[in-house]
Amino acid sequence: MTGRAGTPSDLDNVRAWWRTLGGDGFVVLPPPTRRRELQEDGHVEAAELFAARDLEDGTSYAYWHWPSHKAAFGRAGVLTGELLLHWGGDHATVAAGLGAGPDGYRVIGEGPRHAFRLDLVTRQDAEGLPDPEDPAGVRQFLDRLGTPLDPSLRPLRHRPLTDAETRWLHDRLRGPVNLHAAGQYALALEHRDALTGDETSALHELWRELYEGRLTEWAGWPALLHALLRHEHPGAWEAVAAVGGYRAAAVVADVPSERGLALVREQALAGELLAIGSWLRLRHAVREPDWVTAAAALAAELTGPDTPQGALRSLAATLSMTVTDEWRAASGVGYHESRAFTSLAGLRFAIDERLPHELRVLIAATAAERLAHVREEATRLGPAYVELTGTDAAEAHAVADRFEAARDGLLAGTGPDLTVYEGALTGVWHRYRTLDEADVRWLRERVADEGTGLQGLGFCLELLYAHGVAGPAEVDVLVPRWKKTLTKQYRTTYTEWRHPLVTLTCLALELGHPVADDLLAWWARPKPLWKNDLRLLTHLGAPDEAKADELWRFVTGRGHDTGHLMTWVLIRARLDGVHPLLVADRLVTGSELPDHALKRVLLGVADPAQPLWHYSVDDLTRPWWERAREVAEDPRLSAAARALGLAVAREHCLVRQSERVRPAPTAAEVTAARAWLDRHAGA
């Protein structure tokens, strides 16, 4: 299975087996190309396959995507790691369809919330040890040793080694050492503080010699750096300085010292935001046994004109998380159960006047989403609540009351962090289905702020434009910098807003602003190429029949849809003077467009004051659940359109996997959603 001349490679074997699969309500997608980059791409391909083969929508399927392919197969098709097999439909049907795997391999399933895994079958001796000459066996053995007892708990903890395992690992580090392989053995040992002083010194010399100037390219560096600090090796701090950055800070925080505290503090104040969590842990371990006092000390240094942007947000984000980790380590509470502690801690910190007001405001923004959870869990668990949180239910209700009384004063005139990853920002979109005066003022201030980046401008401009409150002031503040700031590529595949230059162009056209001609001239140029996928989206500004016709030709010509069908529906509705849902309904009953596109657009235009531009139905967020319900119950719509809304509601994670929904729903919300579905079971 090594791919030697005349011998089928692992990839050959897997492909041959894959071709034999299918039947009994189960199909497999072909092996991936580079275009299948995401799990969602596989689900879209499955929908297209069902349509092409006239298969039922409930057919179960399996596939793997390109990142899994690259991670699993090395040169010449050798399997160098587990191949993740993703799936859709019924888990039991997929498991039966995949079976045990091809000869010499095995398929491993860990339940409906996980992908299946395919790997080689390897041998172990009576003590569970692999043959040192079997790369796959060694890899699997080290993977088992590297699996933490609880991957969600920091710092990570691992099960103790057996005597046989300890001897086997130390034997690998005796004599001439291959540093590449030694990194895996060093990690397994140092996870248990088991690298000896002699091993540490020997590996340190090799590391410096072979990786000078590029120390972090060796996979074993975190384990060795930890061992150097733990053994107080003379070269430890030189190595810390050479590695640098937040990753070195995280290792230093695991071996607390005054010197480490000073070094990590300096990193954080210099702008290394990811080192703030390590700084907090070190301050607590070395100086301040009380977390609030430690956080207040950091906040005092992170407030001022020279403070790195986002530093206080990082501290706010890490405080509850770090305190929760300590509570879990002491109490044994699991990850999911610990959310009750985290929620209550957020409320406490937000109203703790020992912390500076600015930090409390940032904590309150997250804590507000959990207020209902605290009340619900305290009521539901009663006396058992203290076991999860260390606080009795009555005190939790009192904390919730105090937070609720302070909440509006803390959050007035604030908004989300516009620099967070797009999934987190998309997760607050539901808050802005309606805008009050404070929201409008905050959004306008962010648009006018030259520090607001493309993501922030996209978010804010879209809300102002869609709600009809954007005006000349928003265009005027962007005119001096649109060529420099807004003409950069920014992918909005997974957001509910469009590229800010699309939105600005639409707004300028609506207003008849003088800059509109300059914007249209820029869109008309052949380069940069990335904008060609977005140009037609600007037709939503001051639409006419010619623009509508051009968009329709693009849609029916099956061009790459990056919001084109949505745009056409919104334009057609404005030109016809009707609600966009009625236009979308005509497509449902009178076009041959695929169901997945119709579902997305039908729900996406349900509220024209806040269209949803995500490239597919997002079953993890509130807006798509809300729109699915509204479409399913809208008496103006055809039975076919209402059925599409109900189909989306049935598949939404709120009723299937509520823990994945962001922000997390309360149990009462989940119960109400499932009851709504039950009432519509016969629809």
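**Note on a predicted structure: strands and salt bridges**

1. Ala 62 stands opposite Trp 87, a residue of strand 3. The model in which this pair appears is a predicted one. Strand 3 covers residues 83–88, and three bridges join it to strand 2, which covers residues 60–63. Strands 2 and 3 run antiparallel.

2. The wider setting is an open sheet of five strands. Which order do the strands take in this sheet? The order is 1-2-3-5-4, and the pairing is mixed. At the edges lie strand 1 (26–28) and strand 4 (105–108), each of which pairs on one side only. From one strand to the next, the twist averages 25°.

3. The second topic is charge pairing. Side chains of opposite charge can pair when their charged atoms come close. How many salt bridges does a search of the whole structure find? The search finds 43. The points below take up some of them.

4. One salt bridge is formed by the side chains of Arg 208 and Glu 238, at 4.0 Å from N to O. This pair links distant parts of the chain, since Arg 208 belongs to helix 8 (residues 197–210) and Glu 238 to helix 10 (residues 236–243). The two residues are 30 residues apart. Are they buried or exposed? Arg 208 counts as partly exposed because its relative accessibility is 45%. Glu 238 counts as exposed because its relative accessibility is 53%, and the cut-off for exposed is over 50%.

5. A further salt bridge brings together the side chains of Glu 395 and Arg 402, at 3.5 Å from N to O. Glu 395 has 28% relative accessibility and therefore counts as partly exposed. Arg 402, at 42%, also counts as partly exposed.

6. The side chains of Arg 407 and Asp 408 meet in a salt bridge as well, at 3.8 Å from N to O. Asp 408 is exposed, because its relative accessible area is 55%. Arg 407 has a relative accessibility of 23% and so counts as partly exposed; a residue is buried when the value is under 20%.

7. Which residues are linked with Arg 407 and Asp 408 in a network of salt bridges? The other members are Arg 375, Asp 401 and Glu 404. A student viewing the model may take Arg 407, at 23% relative accessibility, and Asp 408, at 55%, as the starting place for tracing this network.

Conventions: Residues are numbered from 1 along each chain as its sequence is written. This is a predicted model: local features need pLDDT of at least 70, side-chain atom pairs count only at pLDDT 80 or more; totals for chains, interfaces and linings use all residues. Side-chain values use heavy atoms; hydrogens and water are left out. Helices (H or I, at least four residues) and strands (E, at least two) are DSSP runs, numbered from the N terminus. Buried means under 20% relative accessible area, exposed over 50%, partly exposed in between (1.4 Å probe, protein chains only). Two strands pair if DSSP finds at least two bridges between them. Axes are lines fitted to C-alpha atoms, for helices over the stretch in contact, and angles run from 0 to 180 degrees between N-to-C directions.
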